[in-house]
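User: Please take a close look at a single part of this model, the metal site and the charged side chains around it, and describe how they are connected.

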Amino acid sequence: MSFINTPPQISIPIKGKSATFLVHQIYCVGRNYRKHMVEMGYKDTKQVPFVLFLKPSDAVVLNNQEVFIPKFTENFQHEVELVIAIGKEGENISEKHALDFVYGYSVGIDLTCRDLQTDAKKKGRPWTLAKSLQYSAPISDITPVEKCGYLHEGKIQLSVNDNIRQKSNLKHMIRPVQKIISDISQFYTLYPGDIIFTGTPAGVGKLEKGDCIYAEIDGLEPITITIN
Ligand code: MG
């Protein structure tokens, strides 16, 4: 088959391999750490709805790259998250089999225009313009499961200019990796190349021009991003 066009192909480096990971969809889970729900003003942290949104594939920003603050926001914020890279096609996946679909993991930063999100929430509008922007998803090199194993706990941390802003443990995720994969696959067929952001712990905050972000998760490749 031939094509009339050549859209950009977005891919992520893989630790220890020369081949890269071609990106398909980017799914993002919200409200997955209770302390973050509290800082966002949610009163009920017992009954947690399944909150899902998507980012375009060209949201991907690789390690050591720059991100420009969009001109339409006054409050551009960081959210460090465990990222799942999907390696296998599947739908209606059970939690029991969900980890078979994990190719590897990365450290991701869900960059968010918090002022636009707050306004959208008030008006009952979608979060698209607050969350689903180009260059809004920095992602570190992928560590394959064969190197890091399946992640159920471990430190997750983000610093801005060497000051720790977010620090938690993956064990505090309300929905663990297998539950997230199972839940998404009830609505969407997952494909190799899909990326899943799994929600952020407390400590999200505003970014300024010139900031240097360093985000890390135990056992994974870290990511450094500068803001401009
Ligand atoms: Mg997020």
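Analyst: In what follows, a residue is called buried when its relative accessible area is under 20%, exposed when it is over 50%, and partly exposed in between, with a 1.4 Å probe and protein chains only. The model is a predicted one, in which local features need pLDDT of at least 70 and side-chain atom pairs count only at pLDDT 80 or more, while totals for chains, interfaces and linings use all residues. Residues are numbered from 1 along each chain as its sequence is written, and side-chain values use heavy atoms, with hydrogens and water left out.

By that criterion aspartate 110 counts as buried, at 1% relative accessibility. Together with Glu79 (OE) and Glu81 (OE), Asp110 (OD) is a protein donor of the magnesium ion, and these donors lie 2.0 to 2.2 Å from the ion. Donors here are N, O and S atoms within 2.8 Å of the metal (3.2 Å for Na, K and Ca), and because water is not among the atoms, sites may look incomplete. The spacing of the donor residues in sequence is E-x1-E-x28-D. Glutamate 79 is in the loop between β7 (76–78) and β8 (80–86), whereas aspartate 110 is in the loop between β9 (102–109) and β10 (112–113), so this pair ties together parts that are 31 residues apart in sequence. Helices (H or I, at least four residues) and strands (E, at least two) are DSSP runs, numbered from the N terminus.

Two of these donors also take part in salt bridges, a salt bridge being a side-chain nitrogen of Lys or Arg within 4 Å of a carboxyl oxygen of Asp or Glu. Aspartate 110 pairs with lysine 55, their closest N and O atoms being 2.8 Å apart. Since lysine 55 belongs to strand β4 (residues 51–55), this contact ties together parts that are 55 residues apart in sequence. Lysine 55 is itself buried, with a relative accessible area of 4%.

Glutamate 79, buried at a relative accessible area of 3%, forms a salt bridge with arginine 114 (2.8 Å, N to O). That pair links distant parts of the chain, 35 residues apart, with arginine 114 in helix α2 (residues 114–123); arginine 114 is buried as well. Glutamate 79 also meets lysine 131 in a salt bridge (3.1 Å, N to O). Lysine 131 lies in helix α3 (residues 128–131), so here the parts tied together are 52 residues apart in sequence, and lysine 131 counts as buried at 2% relative accessibility.

Taken together, Lys55, Glu79, Asp110, Arg114 and Lys131 are linked in a network of salt bridges, in a structure where a search of the whole finds 9 salt bridges.
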